[in-house]
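Q: Could you walk me through how a structural model is read, taking one feature after another?

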Amino acid sequence: MKMTWHRTILSSLAVCLIPMTEVFSQEEPLEAASALNEEILPNYHYEYIPDFTYEEVEQRIKSMKTEMPFELNDRIFSFIQYFTVRNREYTKMVLARKDKFFPLFESTMKKHEMPVEIQYLSIIESGLDPQIRSRVGAMGLWQFMPATGRMYGMYVNSDVDDRMDPEMSTDAAAKYLKSLYRMFGNWEVALAAYNCGPGNVRKAIRRSGGKTTFWGIYNYLPRETRGYVPQFQAMLYILNHLEEHNFNLEEPTYPIEYEKIRFERAFRMEKLAELTDICLKDLEELNPSIKNRNIPESNRSMAIRIPKNKSLFLKQNLAWIGDSLGNAPTMLLASQMVPVEEAATSVNREAITYRVRSGDVLGKIASNHGVTVTQLKDWNNLNSNLIRVGQTLRIYSGNSSSSTLADNSSSGTKTYTVRPGDSLWIISKKHSLSVEQIKRLNNLNSNNIKPGQKLIIG
């Protein structure tokens, strides 16, 4: 009984002494209200937080079947109390993101023949946020510094940071942790070295008189590292005993199924979204390493993750999509814009109607009729790229306008003036030519064209 009270008092004191980092800090509601001199209204919403003892947690840990076993002590128990009582919101946040990344983590750990429990380390490193940045410049789910990232093939420029790529960073973390394990022969010590560096761990081993376990060198490690491994072990316990601590996730976040496609060119993600009717936010979520929605020339060969439900359409239309990606997203300056009716009249276009069929997207309809997605949206007062089967669209056919946009010069040469959104593929279809024929007629060495440019088409 005395031992139980002794442990309870020690654990309570330890919890009070845990440093509150920026990630975990929370302002107490009553203190905030008092500071603002606001009236405190009664709050009748209570969350049930189960009581638990040291002995109960110890027994649960002993019954856990893990490849990386650990024993409970007062330091670990204090972090369990912290994440299940004082900072339940952080645990809920992690729990909501868990299913988005853990399938990738688990398969990577198994591929490298490592304990799958190591996947919980990313919770302590980043809170499962692939774009989080530490105060010292570490980035991503596994918080790589630039130099360490380069050691494992992750590079950084103004537009792309490979450390934020979930697959690349997870594979690099597994390789790095495995090398640290070979260096020290103990997974807990390897985790400590991942946090503070192998040099600090070797120094702690020397100062401890040659001890080789984490708890043997604990007092000689940097202060942050002393809490690093116990936090990892606390999360490992909690996420395997959610029900006992009344964690019931109502809205989990699941990964978007995807396929990788290489476009072999520089382009902006907005243009890809416009051409394919893919939600731009989905593209950003699937490709967190792309910082400014821009794939630069230096990264033109990188594989882009595309929602799986759109991958077949992209593969079937990769030629014209890749060709059209070279054009900037369709935008006109205000001084260049004219009302739709005036624009249609000025070129004597004949309005036609088109009924949307299954499998249609605005990009496909636009290319088939020689117009742009933006024009389709303007003509039909569409606020988004969403269309439905059976919907009727008004289109000012590009065929009837070709007579005005394609001029005959005095020498008998037929020319065409490039419009915003045009590509060589679109122009070739409108004038019954091949892309290669247009390039030969105009001595073009690439598929790049720009609005206002005149092309010989016959």
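**Reading the model, feature by feature**

A: Buried residues make up 48% of the 458 residues in the protein, and the model in which they are counted is a predicted one. The accessible surface comes to about 24700 Å², of which 50% belongs to carbon and sulfur atoms.

Q: How many helices and strands does the secondary structure hold, and what percentage of the contacts with a separation of 6 or more joins residues 24 or more positions apart?

A: The secondary structure comes to 22 helices and 9 strands. Among the contacts with a separation of 6 or more, 67% are accounted for by residues 24 or more positions apart along the chain.

Q: What span should helix α4 have, and which of its residues are buried?

A: A helix can be checked against the rise of 1.5 Å a residue, and on that basis the 13 residues of α4 (residues 74–86) should span 18 Å, which agrees with the 17 Å between its end C-alpha atoms. The buried residues of this helix are I76, F77, S78, F79, I80, Q81, Y82, F83 and T84.

Q: Which residue caps the N-terminal end of α4?

A: The cap is N73, a side-chain oxygen of which lies 3.1 Å from the backbone nitrogen of R75.

Q: Where do the buried residues of α3 fall when the helix is seen down its axis?

A: One first lists the buried residues, which in α3 (residues 54–63) are Y54, V57, R60 and I61. Seen down the axis, these buried residues fall within an arc of 130°, so they line one face of the helix. On the other side of α3, Q59 and K62 are exposed.

Q: How can I61 and K62 be read, each as buried or exposed?

A: The relative accessible area decides, with buried meaning under 20% and exposed over 50%. I61 has a value of 7% and is therefore buried, whereas K62, with 62%, is exposed. Leaving aside neighbours within four places in sequence, I61 is in contact with F70, L72 and Y237. The C-alpha atoms of I61 and N240 are separated by 9.5 Å, although the two residues are 179 residues apart along the chain. For K62, the pair to look at is the one with L72, which is 10 residues apart in sequence and 8.7 Å apart in space, C-alpha to C-alpha.

Q: Which members of the largest nonpolar core touch the most other members?

A: That core has 65 residues, of which I80, I123, W142, Y194 and V201 touch the most other members. I80 is also one of the buried residues of α4. Not counting residues up to four places away in sequence, I123 touches Y90, V94, F102, L128, M235 and L239. A second, separate core of 22 residues includes V160, I295, I321 and V361.

Q: What lies around S169, and is this residue buried or exposed?

A: A polar side chain is read by its cover, its polar partners and its other contacts. S169 lies in helix α8 (residues 166–184) and is buried, with a relative accessible area of 1%. A polar atom of its side chain lies 2.8 Å from the backbone oxygen of D165. Not counting residues up to four places away in sequence, S169 touches L141, W142, F144, M154 and R163; of these, W142 is also among the residues that touch the most other members of the largest nonpolar core.

Q: Why look at the sign of phi in a residue other than glycine?

A: Most residues other than glycine have a negative phi, so a positive value is worth noting. Phi of E264 is near 55°, and phi of D277 is near 65°. E264 lies in the loop between β1 (258–262) and β2 (267–268), and at 41% relative accessibility it counts as partly exposed. D277 is placed in the loop between α13 (269–276) and α14 (280–286), and at 14% it counts as buried.

Q: Where is H369 placed, and does it count as buried or exposed?

A: A loop position is read by the elements on either side and by its accessibility. H369 is in the loop between α18 (362–368) and α19 (373–379), and at 18% relative accessibility it counts as buried. The C-alpha atoms of H369 and I426, 57 residues apart along the chain, are separated by 8.8 Å.

Notes:
Residues numbered from 1 in each chain as written. Predicted model: local features only at pLDDT ≥ 70, side-chain atom pairs only at ≥ 80, totals over all residues. Heavy atoms only, no water. Helix = DSSP H or I, 4+ residues; strand = E, 2+ residues; numbered from the N terminus. Expected span 1.5 Å × (residues − 1). Buried < 20%, exposed > 50% of the residue type's maximum accessible area, 1.4 Å probe, protein only. Polar contact = N/O pair within 3.5 Å; in protein donor to acceptor, adjacent residues only side chain to side chain. Arc of directions from axis to C-beta. Contact = heavy atoms within 4.5 Å. Areas by Shrake-Rupley, 256 points an atom, 1.4 Å probe, with all protein chains shown as cover. Core = buried A, V, L, I, M, F, W, Y, C linked by side-chain atoms within 4.5 Å.
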